[in-house]
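This report looks at backbone geometry and strand pairing in one protein chain. Please keep the sequence and the model at hand while reading.

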Amino acid sequence: MAALPRVTPIVAVARDDPFDDPEWLFEPKYDGFRGLLYVTSGDCWFRSRRGHVLERFRELCHWVREELPVREAILDGEIVSLDASGRQNFRDLLGGRGNLHYAAFDALWVEGKDLRLLPLQRRKRALHRLVWASSTVLSQVFWIEERGRDVFAAAERLGIEGIVAKRLADPYVPGETVWYKVRNRAYRDRDGRWELFQQRRAARRAARKSGS
C-alpha cells in the first residue's frame, strides 16, 4: 500500500441554484458512499472520504479491478447499490442489499503517473481510456459541459439527489479546487437517512455489549 500516495478527496460545497457556464462541467450526484479506489498489481482497496479502508466493499473492489486495463491506478467515485431496474437505493446499500456498483468520476493516478495537477478535462480523458464501457460493477459518471440547468432539470425529472459542478481547467487540489453540489429538494431517498445511521450504530453497540 505504501507505493501509492494517500489522496485527500475534494469535498463539494453546497450551492442553492444550478447555473450555466462553458468553463464548467456538470454531473449527476450519486447517492452512495464516496470511495477512492486504489489498485496495484497485487491488491486493491477503497478508502472513505475520511480515509478509512472500506473493508465491507473488498469483494466489489476486486471485481472492479478485473475490469480495469491497468495494474496501478487511483480513481475517485461513488459506491452505490442498484436495484433490478438500475436505480440507486441508499437504504439497500446501507443494509448490504442490491447490486453493488462503482461509478468513477475522476482518474488521479495511472501506472505511476500522478494526474492530480492536470486540468479536469485531461483527467476525464484519462478516465475514459480506463472505463470506456459500463459493466455490472463499473461505470464512468456521465457529464455535460456548460448546461448545468439542463442537467439539474434532468436530475429532478429522474428523481435523483442532484448535480455536481466542476471547472474544466481545475486540478485536483483539496482546499484550492472548488466543486459545487446542488441538491434536488424533492429527492425523497434522503428522508430518514440519519435514522438509518442511528439504527446501525445502535445495532453495533448492542453487538459489542453481547460479545463482551
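## Glu111 and its loop

In which loop is the place of Glu111? In this predicted model, Glu111 belongs to the loop that runs between strand 6, residues 99–110, and strand 7, residues 113–114. Although Glu111 is not a glycine, its phi is positive, at about 50°.

Glu111 has a relative accessible area of 38%, and because buried requires a value under 20% and exposed a value over 50%, Glu111 counts as partly exposed.

## Glu146 in strand 9

A positive phi is also found at Glu146, a residue other than glycine, where the value is near 75°. Whereas Glu111 sits in a loop, Glu146 lies within strand 9, which covers residues 144–146. The relative accessibility of Glu146 is 40%, and this residue is therefore classed as partly exposed.

## Pairing around strand 2

Which residue of strand 9 is the bridge partner of Asp21? That partner is Glu146, the residue whose positive phi was described above. The bridge joins two paired elements, since strand 2, residues 21–28, and strand 9 run in the antiparallel sense with 3 bridges between them.

Strand 2 also pairs with strand 10, residues 162–167, and this pairing is likewise antiparallel, with 5 bridges. Within strand 10, Val164 is the residue that stands opposite Glu27. Strand 2 is thus described here through its pairing with strand 9 and its pairing with strand 10.

How values were computed: Residues numbered from 1 in each chain as written. Predicted model: local features only at pLDDT ≥ 70, side-chain atom pairs only at ≥ 80, totals over all residues. Heavy atoms only, no water. Helix = DSSP H or I, 4+ residues; strand = E, 2+ residues; numbered from the N terminus. Buried < 20%, exposed > 50% of the residue type's maximum accessible area, 1.4 Å probe, protein only. Pairing = 2+ DSSP bridges.
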